[in-house]
Each structure stands twice: as structure tokens, then as C-alpha cells.
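Notebook open. Today I wanted to look up how some of the helices pack against each other.

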Amino acid sequence: MSNGQYYVECQGNTSKSPDNERKSIVHKIVNALLPSSKSTQDADRSGSLNTCSGESVPLIFRGRCAQYAQFCVICASVWIVLFSVSGEQSLPGGNLFSLLVLFAGAVAGGHVFSLIHLPPLLGMLIVGGLLSNIPGVKVVGLGIDPKWSASLRKIALTVILLRAGLGLDPVALRKLSLTVFRVALIPCLFEVAANAVAARILLEMPWDWAFMLGFALTAVSPAVVVPSLLTLSDAGYGLDKGIPTLVIAAATIDDVFNITGFGVLLGIVFSQGELALTIAKGPLEMLLGIVYGLVFGVFLWYFPSKDNDNVSFYRTVTLLGFGLVAVFGSSMIDLSGAGPLGCLTVGLVAAFGWRKQRQAGEKDQVAMASGVLWMLFQPFLFGLIGAAVKSEQIHDVRSLGLGTAVIAVGQSVRIGASVLSVLGTEFSTKERLFIAMARFPKATVQAAIGGLALDMALAGDNPEFVRLGTTVLTTAVLSIIITAPIGALAIALSGPRFLNKLDRKCTDLENSESTNHPENAAMLPSDSEQIVVTIETTH
């Protein structure tokens with residue numbers, strides 16, 4: 001199939017490109033998970049010349065060369081505009097220059113990893129880490145303003161959570177509501193306890209500090225889990241039993257629980273604020289996030305009016321505005337756990353009403369717009385997470401090995417507890433293992449709260465607290481380095497093997513791939529441009 005469409009294999013109607021015959025099953029599965037660029041679909045990669053108006057087109061104006069040239073020209077144009085407006089901020093060492101280099105490097109890193117059939121976010125994380133730690137180039141990472149970094153990460157997280165809400169299945173969520181809480185809380189409690197005991201024994205931490213570290217290490221990363229699950233969901237994997245919806249919803253509750261637990265222990269250790277109020281923040285944040293999402297999600301059913309000529313544009317802008325207000329506003333009132341849950345809920349509720357208003361076969365323009373926004377903010381999110389990991393934060397070399405051991409103990413217990421949490425459900429053994437592995441990655445929360453205890457300790461004059469705060473930060477950084485890439489890779493590779501792929505008609509698959517999920521597009525081309533295939537897994 002041409003004209004920007006994928007080649008599709010399905011029963012009764014098969015259209016293949018010549019290269020598909022030579023691809024292995026694993027190659028096809030991995031390709032289906034990697035971002036692609038449909039705009040260069042018809043470029044001939046075998047070396048033959050494309051034609052335009054019957055004439056041969058030079059190499060630089062077609063295929064990959066054209067994409068690379070286009071990307072370089074765009075980056076150069078953006079830099080010229082930034083320099084003309086901001087001056088020194090757009091020179092080496094300046095904030096805007098550093099952000100532009102980070103963005104370009106993250107896009108390039110993600111592209112390279114996609115070419116070797118690995119999740120692009122791994123390349124983005126690594127590039128961000130290199131730009132903050134390699135002598136000579138770490139001026140880029142050091143030049144990024146922390147406030148800009150935090151704000152861009154929040155905006156990117158808002159976009160991906162809204163996309164997750166738009167893609168959640170309300171029927172599956174209602175059916176799995178009890179399972180969601182089991183999957184969210186049972187593994188959390190086991191991992192927190194395991195982390196605390198391991199920290200007490202191996203790192204010789206007091207019990208209050210050990211449990212604080214346990215909560216800090218237990219929170220899963222929505223920035224890694226949600227995009228990985230949405231990629232599988234877009235390809236049809238796990239939809240028959242609502243597994244992407246289950247894992248995404250559980251991850252959000254997981255984060256609220258662990259951030260609240262960390263805050264409680266932080267208040268106990270440093271004796272800040274009312275303990276009862278701190279404990280009550282968790283349920284309050286959950287309630288506030290759900291109510292916010294319900295109210296403004298229903299609001300979006302009616303405003304803007306569906307009779308408006310540009311209703312999709314106004315819906316997208318309004319939805320994004322509500323998401324940003326939830327994330328940034330909840331941080332301002334010190335109820336940061338409510339923001340992500342509010343984002344997820346407002347997208348879910350709004351999409352539920354919009355689906356009823358859409359005609360059969362009508363494109364989901366809001367989903368398309370959110371995909372474009374994610375394509376722009378994804379490099380910032382993972383690049384900045386990688387840049388937040390700085391080698392100088394690892395002060396105590398002795399604790400590296402012991403910290404790794406603590407992480408290994410906690411993750412091992414979590415995987416076992418995750419499998420136990422879905423016993424008695426309709427999930428198969430492979431699906432239970434996948435659910436356990438999908439909760440593996442750590443990144444966003446650890447980057448946000450890992451240094452809080454050390455910051456508060458440095459503000460005082462207790463050397464022992466400084467030592468313990470340093471250990472918490474060091475172990476949190478280690479958890480990002482170890483679990484984020486391994487977890488992302490495990491989700492990408494195990495999903496097609498462990499999950500069933502939902503049977504769809506050819507037309508349904510084509511429409512969903514070509515119109516409703518533009519996040520599959522990338523700023524640089526990859527080998528995955530050619531095909532989307534239906535591979536059925538066996539259990």
C-alpha cells in the first residue's frame with residue numbers, strides 16, 4: 001500500500017512489499033514497535049532514483065538524505081531565530097543553545113537506536129546523560145536552566161498523560177477497576193518493605209530513612225511506561241484484555257501512593273508540617289485529580305460546540321490547557337500527585353464523549369494533534385531525564401555496589417508481588433509476567449524527589465543527615481541508570497511475545513495506523529517505515 005500508508009498483512013487481503021519476504025518474524029515485530037516516518041514511505045531504499053514529473057531526482061532530495069537535510073535546516077533556522085531574539089542565551093553555554101543541542105542530539109540518538117531495532121527513548125536517555133557528563137560537551141547539560149528543564153518535563157509529561165487518557169478503554173477500566181488497585185498497591189507495599197529492609201541491612205540506614213528510600217525507589221516512571229504501553233496498544237497488543245489500560249492506570253495510582261509515602265517520611269525525619277495532614281494528602285490528591293478530570297472532561301463534551309468549523313483545533317487547545325493547569329496548578333498548591341491523575345482522567349472522560357459524537361469512519365483529529373505534540377516533546381522529556389543524571393551526584397563510591405544490591409532486591413520482590421497481584425484473574429501466565437515487567441522502569445519520580453532529602457539536610461548542620469541524604473540521591477540516580485533502559489527494552493521486546501494481538505479488519509487497522517496515531521511518525525526516518533504486520537502470539 002502506498003500514499004503514506006503501511007503495508008498490511010491480514011486475512012483475506014494481503015499486500016506486501018518485496019522486502020517483507022526477507023524479514024524475520026522478530027524483525028517484523030520490533031519494526032512494528034519503532035517510530036516511523038510515513039512521509040518517506042515511497043522512497044526507494046534500494047538505491048534506484050525516484051522521479052518527479054518524469055525526471056530523475058538527485059539523491060539529496062529524496063529518501064533518508066532528504067530527511068537528514070530537512071532536519072538540519074530546521075535546527076539551523078530555529079537557532080538563527082533564537083539568536084536574533086535572545087543573543088547570548090543562544091550561544092554555547094546559554095540555556096536556549098543547550099536546549100536546542102539537547103533536542104537535536106536526542107532526536108539523532110533515538111533515530112540511531114531505532115535503526116538497530118531498540119526503543120528510541122533509550123538513545124534519547126543516553127544522549128542526555130552524555131551531554132551532562134562527558135568532558136568537553138557537558139557544558140550543554142550544565143547550561144540548561146533547571147527551571148526550564150522542570151517546566152519542559154512537566155509539559156511533555158502532560159502531553160503523554162493526555163494521550164494516555166485519550167487512548168484508555170473505559171469499558172476495560174470499569175471491568176478491571178478492582179484489579180487496577182491490586183496491581184497498583186500490592187507490589188508497591190512489598191517493594192517498599194523489601195527496599196527498606198535491604199537499605200537497613202546493606203546501607204546501615206535508620207528505619208525512617210530506609211523507608212524514605214524505599215518509597216523513593218518504588219515509584220514507576222510514567223514517562224517511560226506510558227509511551228511504551230501506548231506503542232503496544234497502537235499495534236493492537238493486549239487490547240483483548242485491556243492490559244495497556246490496566247498498567248497505565250495502575251502506574252498513576254502507584255506514583256500518588258509512593259510520592260505521598262515519601263512526603264510522610266520526609267516530614268517525620270525533618271519534623272516539617274502536621275503529620276496527619278501529610279498522611280491525608282494521598283487520598284486528597286487522588287480525589288482532587290479524579291474530580292478535576294470528571295468536571296472538565298464533561299465540560300469538553302459541550303465546549304467548544306461541535307458545530308464550530310474548527311472544533312478539533314479548539315478541543316485540542318482546550319484539552320491541553322486543562323492538562324497543563326492540572327499539572328502546574330497542583331504543584332503550586334503542593335498537591336502534585338493530583339496533577340497527573342487529573343490529566344489522565346480529563347483525557348479519558350473527554351474522549352468518551354467525543355467518541356459518541358464522531359461519525360463512523362471519521363478521523364480522530366485530537367488524537368492526531370496529540371501525536372504531533374508528543375513527537376516534538378518526546379526528545380525533551382527523555383533527553384532532560386538523562387541530563388538530570390550527573391556523575392558528580394554519586395559522591396559515595398562505596399555505596400554504588402550496595403545501592404545496586406538494594407535496587408535488585410526491591411525489583412525482584414516487586415516482580416514476584418506483581419505476578420501474585422493478578423492471580424485469580426483471566427490473565428495467562430505470560431500476560432502476568434508482562435504486567436510485572438511493565439512496572440519495572442524508574443526515572444521521572446526519582447529524578448524529581450531523589451535530591452530533596454539531601455537539599456534539606458544541607459540546609460541544616462547535621463553531618464549524618466547529609467551522609468544519608470547523599471545515599472538516597474545516589475541510589476535514586478542508580479535506579480534510573482539501571483531500570484529505565486532495561487525496563488523500556490523489556491516492554492518493547494516482551495509485549496509482542498507475551499500479549500495477544502487483537503484481530504482487526506484490514507480497513508480498521510489501516511485507519512488507526514494512518515490517521516489516528518501520528519505519534520508513530522518520527523523526525524528522522526527508520527527501517528520501520530515499511531510495514532505493519534499482524535503476528536498472532538501463542539500461549
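I started with α13 (residues 311-332) and α14 (residues 338-357): their axes come within 7 Å and cross at roughly 160°. Anything over 145 degrees counts as roughly antiparallel, so α13 gets that label relative to α14. I should keep in mind that this is a predicted model.

Next I checked the hand, and the crossing of α13 and α14 is right-handed.

Then I pulled the contacts. From α13 I have R315, L319, G323, A326, V327 and S330, and they meet A338, G339, C343, V346, G347, W354 and Q357 of α14. Sorted by class, this contact has seven nonpolar, five polar and one charged residues.

I moved on to a second pair, α10 (residues 222-234) and α11 (residues 243-270). Here the axes come within 9 Å, with a crossing of roughly 170°. That angle makes α10 roughly antiparallel to α11.

For who touches whom, I noted P222, V225, V226, L229, L230 and S233 on the α10 side, meeting P244, V247, I248 and D255 on the α11 side. The class count for α10 with α11 came out as eight nonpolar, one polar and one charged residues.

Last, I ran a length check on α8 (residues 177-202). How far should its 26 residues span at 1.5 Å a residue? I get 38 Å expected, and the end C-alpha atoms of α8 are 38 Å apart, so the two agree. I also looked just past the end of α8, where E204 takes a positive phi of about 55°.

Methods
Residues numbered from 1 in each chain as written. Predicted model: local features only at pLDDT ≥ 70, side-chain atom pairs only at ≥ 80, totals over all residues. Heavy atoms only, no water. Axes fitted to C-alpha atoms, helices over the stretch in contact; angles between N-to-C directions. Helix = DSSP H or I, 4+ residues; strand = E, 2+ residues; numbered from the N terminus. Parallel < 35°, antiparallel > 145°, perpendicular 65-115°, else oblique. Contact = heavy atoms within 4.5 Å. Nonpolar A, V, L, I, M, F, W, Y, C, P; charged D, E, K, R; others polar. Left-handed = near helix turned anticlockwise from the far one by under 90°. Expected span 1.5 Å × (residues − 1).
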